[in-house]
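Please take some time with the structure shown below, following it chain element by chain element as the text goes along. The paragraphs start from one residue and its surroundings and then widen to other parts of the fold.

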Amino acid sequence: MKLVEVLQHTIWVDAIRSAEPIVLDCGANRGDFARWAVDHLGATVYAFEADPILAATLPTVPRLHPYNVAIAGEDGT
């Protein structure tokens, strides 16, 4: 399994070699990595950001689906 680092994110290279890669960006911040994945991998990206202010700054581009939600194992703040 080959892993590489891009914009402080770890990518499993074998998983993105498909014709239509899908990327889950959990904790998308301002969407820099999500945008990179769309632009450089041709991926469909699901970007999750809990902070509504940061979520509002996620890029609006085709194949990038932003969600203002938290990803966690349990409910809480």
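Once neighbours within four places in sequence are left aside, Tyr67 is in contact with Tyr46, Ala47, Phe48 and Glu49. This is a predicted model, and Tyr67 is found in its strand β5, which spans residues 64-67. One of the contacts of Tyr67 can be described in terms of the backbone: Tyr67 and Phe48 lie 19 residues apart in sequence, yet their C-alpha atoms are 4.9 Å apart in space. With a relative accessible area of 37%, Tyr67 counts as partly exposed, because that category lies between under 20%, which is buried, and over 50%, which is exposed. On the surface, Tyr67 forms a nonpolar patch with Val69 and Ile71, and the three residues together have about 270 Å² of accessible area.

Three of the residues that Tyr67 touches, namely Tyr46, Ala47 and Phe48, also appear in the surroundings of Asp25, a residue of strand β3 (residues 22-26). Not counting residues up to four places away in sequence, Asp25 touches Tyr46, Ala47 and Phe48 together with His9, Phe33, Ala34 and Val45. Which side chain of opposite charge is nearest to the buried Asp25? It is that of Arg35, but Arg35 is 12 Å away, and Asp25 has no salt bridge. The cut-off for such a pair is 4 Å between a side-chain nitrogen and a carboxyl oxygen, so a distance of 12 Å does not qualify.

Where, then, is the one salt bridge that the structure holds? The side chains of Arg35 and Asp39 meet in a salt bridge, with a distance of 3.1 Å from N to O. Arg35 and Asp39 are four residues apart in helix α1 (residues 32-41), and they are therefore separated by about one helical turn. Both partners are partly exposed, Arg35 at 35% relative accessibility and Asp39 with a relative accessible area of 48%.

Helix α1 also has a buried side, and the residues that make it up include two that Asp25 touches, Phe33 and Ala34. Within α1, Phe33, Ala34, Ala37 and Val38 are buried. These four cover an arc of only 140° around the axis, which means that they are on the same side of α1. On the other side of α1, Asp32 and His40 are exposed. After α1 comes Gly42, whose phi is positive, near 65°.

The whole chain can now be taken into view. Two helices and five strands are present, and from the N terminus on, the elements follow one another in the order β-β-β-α-β-α-β. The chain has 77 residues, of which 31% count as buried, Asp25 being one of the buried residues. Among contacts between residues at least 6 apart in sequence, 27% join residues that are at least 24 apart. The chain exposes about 5400 Å², and carbon and sulfur atoms supply 53% of that area.

Technical notes:
Residues are numbered from 1 along each chain as its sequence is written. This is a predicted model: local features need pLDDT of at least 70, side-chain atom pairs count only at pLDDT 80 or more; totals for chains, interfaces and linings use all residues. Side-chain values use heavy atoms; hydrogens and water are left out. Buried means under 20% relative accessible area, exposed over 50%, partly exposed in between (1.4 Å probe, protein chains only). Lys and Arg count as positive and Asp and Glu as negative; His and the chain ends are not counted. Contact means heavy atoms within 4.5 Å. The arc is that of the directions from the helix axis to the C-beta atoms. Accessible areas come from the Shrake-Rupley method with a 1.4 Å probe; for residues, only the protein chains shown count as cover. Patches are made of residues with over 30% relative accessible area and no salt bridge: like charges are joined within 9 Å, nonpolar side chains (Val, Leu, Ile, Met, Phe, Trp, Tyr) within 5 Å.
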